[in-house]
Amino acid sequence: GTAAMEAGIINTLSRGDKVICGANGKFGERWVKVAKAYGLDVEIVKAEWGQPLDPESFRQVLEKDNNTIKAVIMTHSETSTGVINDLQTISEHVKNLSSALMIADCVTSLGACDVPMDDWGIDVIASGSQKGYMIPPGLSFVAMNDKAWIASKSSDLPKFYLDLNAYLTTVNKNSNPFT
Ligand SMILES: *Cc1c(COP(=O)(O)O)cnc(C)c1O
């Protein structure tokens, strides 16, 4: 799951990019740590642990911003407290007020809740095998739409094993870059 989160960031963003991370639990805080590990300029939108993120707070930050925010990053189902965040409404604000990518951790929502990625306008979804899907651990899933793949072509964050374009190239040849 964490590999998928990291892959979602390093394949779509570039050095110094400004991002907003929602944090209302352990996994939202993990997004902040990953983004900071890659030197991104992180603004945190917080809510108390046990409370959902407030879509209104995201709307206010986006309205004040002059389209410099490159991504809004959040957890859908915050496993540490069991809170579901309103990904749909936050994603609507992102689409209406900016050109930022909407990146979501859906590790415990995919397979358990409705997550209509295209209808909600989510550009990147990170997930893993062992939670919502209830299959053995070890597989990471990253879903990206066309907007995210386009961003990946100019993304300059360091990557090697998790370079998704390497996977895209080989999957078209019915292969994979590594075992
Ligand atoms: C478990 C979990 C992760 C991390 O998954 P790992 O496979 O342990 O790296 C990330 N986000 C959420 C919401 C989770 O529940």
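This passage describes the ligand environment and the cysteines of a predicted model.

The shell around the ligand comprises 13 residues, and T2, T79, D105, Q130 and K131 are the closest of these. Classified by residue type, the shell contains seven polar residues, three charged residues and three nonpolar residues. Polar contacts to ligand oxygen atoms involve both backbone and side-chain atoms of the protein. At G1, a polar backbone atom lies 2.9 Å from an oxygen atom of the ligand. For T2, an N or O atom of the side chain is found 2.6 Å from a ligand oxygen atom. The side chain of Q130 likewise places a polar atom at 2.7 Å from an oxygen atom of the ligand. On its own, the ligand has 390 Å² of accessible area, of which 84% is covered by the protein. Two or more residues of the shell are contributed by each of the elements α1 (2–10) and α2 (26–37).

The cysteines were examined next. A disulfide is a covalent bond between the sulfur atoms of two cysteines. Zero disulfides are present in the structure. C21 takes part in none, and the cysteine sulfur nearest to that of C21 belongs to C106, at 15 Å. C21 has a relative accessibility of 0% and is therefore counted as buried. For C106, the closest cysteine sulfur is that of C113; because the two sulfur atoms are 8.7 Å apart, they are too far from each other for a bond, given that a disulfide requires sulfur atoms within 2.5 Å. C106 is also buried, its relative accessible area being 0%.

How values were computed: Residues are numbered from 1 along each chain as its sequence is written. This is a predicted model: local features need pLDDT of at least 70, side-chain atom pairs count only at pLDDT 80 or more; totals for chains, interfaces and linings use all residues. Side-chain values use heavy atoms; hydrogens and water are left out. A residue is near a molecule or strand if one of its heavy atoms lies within 4 Å of it. A polar contact is a pair of N or O atoms within 3.5 Å; within protein, one must be able to donate a hydrogen and the other to accept it, and residues adjacent in sequence count only if both atoms are side-chain atoms. Accessible areas come from the Shrake-Rupley method with a 1.4 Å probe; for residues, only the protein chains shown count as cover. Helices (H or I, at least four residues) and strands (E, at least two) are DSSP runs, numbered from the N terminus. Ala, Val, Leu, Ile, Met, Phe, Trp, Tyr, Cys and Pro count as nonpolar, Asp, Glu, Lys and Arg as charged, and the others, Gly among them, as polar. Buried means under 20% relative accessible area, exposed over 50%, partly exposed in between (1.4 Å probe, protein chains only).
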